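Please find below a short note on the model, set out as numbered points. The remarks cover a pocket and its lining, the arrangement of two helices, and local features at the ends of one of them.

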Amino acid sequence: MSGLLEQVFRGYLADHPGGNCTLTRDGESSISEDTATNHFKGTLDGSEWSDVRGFHVLRYSFASNVAAEGVDQRMIDEWMGH
């Protein structure tokens, strides 16, 4: 995670209303997959990352990065839902 993203999330989570969802529409309700996808695509639009097909690819970046840091494969499998 970049330093900027960490800073933004720490600030956001300091004021987070709680509940099971990290990102919410109203402090309680989860964001739909369509809404998340639209925001993701809109964020990347016009950038060098605009060809990325969806945020699901970040799942594999996460797994690769933690594996590169030496995290046990069993932990990665559990986090990934395998």
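1. The model under discussion is predicted. Helix H1 (3-14), helix H2 (33-44) and helix H3 (57-68) each contribute at least two residues to the lining of the largest pocket. The largest share is that of H3, which supplies five residues.

2. The volume of the largest pocket is about 720 Å³. Its lining comprises 16 residues. Those nearest the centre of the pocket are Leu 5, Phe 9, Leu 23, Phe 55 and Leu 58.

3. As regards the chemical class of the lining of the largest pocket, 10 residues are nonpolar, five are polar and one is charged.

4. H3, the helix with the largest share of that lining, also packs in a defined geometry with H4: the axes of the two helices come within 10 Å and cross at roughly 160°. Angles over 145 degrees count as roughly antiparallel, and H3 and H4 are therefore roughly antiparallel to each other. The crossing of these two helices is right-handed.

5. Both ends of H4 merit a remark. At the start of this helix (residues 73-80), a side-chain oxygen of Asp 72 lies within 2.7 Å of the backbone nitrogen of Arg 74. Just after H4, Gly 81 adopts a positive phi of about 80°.

Conventions
Residues are numbered from 1 along each chain as its sequence is written. This is a predicted model: local features need pLDDT of at least 70, side-chain atom pairs count only at pLDDT 80 or more; totals for chains, interfaces and linings use all residues. Side-chain values use heavy atoms; hydrogens and water are left out. A polar contact is a pair of N or O atoms within 3.5 Å; within protein, one must be able to donate a hydrogen and the other to accept it, and residues adjacent in sequence count only if both atoms are side-chain atoms. Helices (H or I, at least four residues) and strands (E, at least two) are DSSP runs, numbered from the N terminus. On a 1 Å grid over the protein atoms alone, a cavity is a set of points where a 1.4 Å probe fits but cannot get out, and a pocket is an open set with protein on both sides within 12 Å along at least five of seven lines; lining residues have an atom within 4 Å of a point. Grid points are joined across faces, edges and corners, and a volume is the space filled by probe spheres set on the points. Ala, Val, Leu, Ile, Met, Phe, Trp, Tyr, Cys and Pro count as nonpolar, Asp, Glu, Lys and Arg as charged, and the others, Gly among them, as polar. Axes are lines fitted to C-alpha atoms, for helices over the stretch in contact, and angles run from 0 to 180 degrees between N-to-C directions. Angles under 35 degrees count as roughly parallel, over 145 as roughly antiparallel, 65 to 115 as roughly perpendicular and the rest as oblique. A crossing is left-handed if the near helix is turned anticlockwise from the far one by less than a right angle, and right-handed if clockwise.
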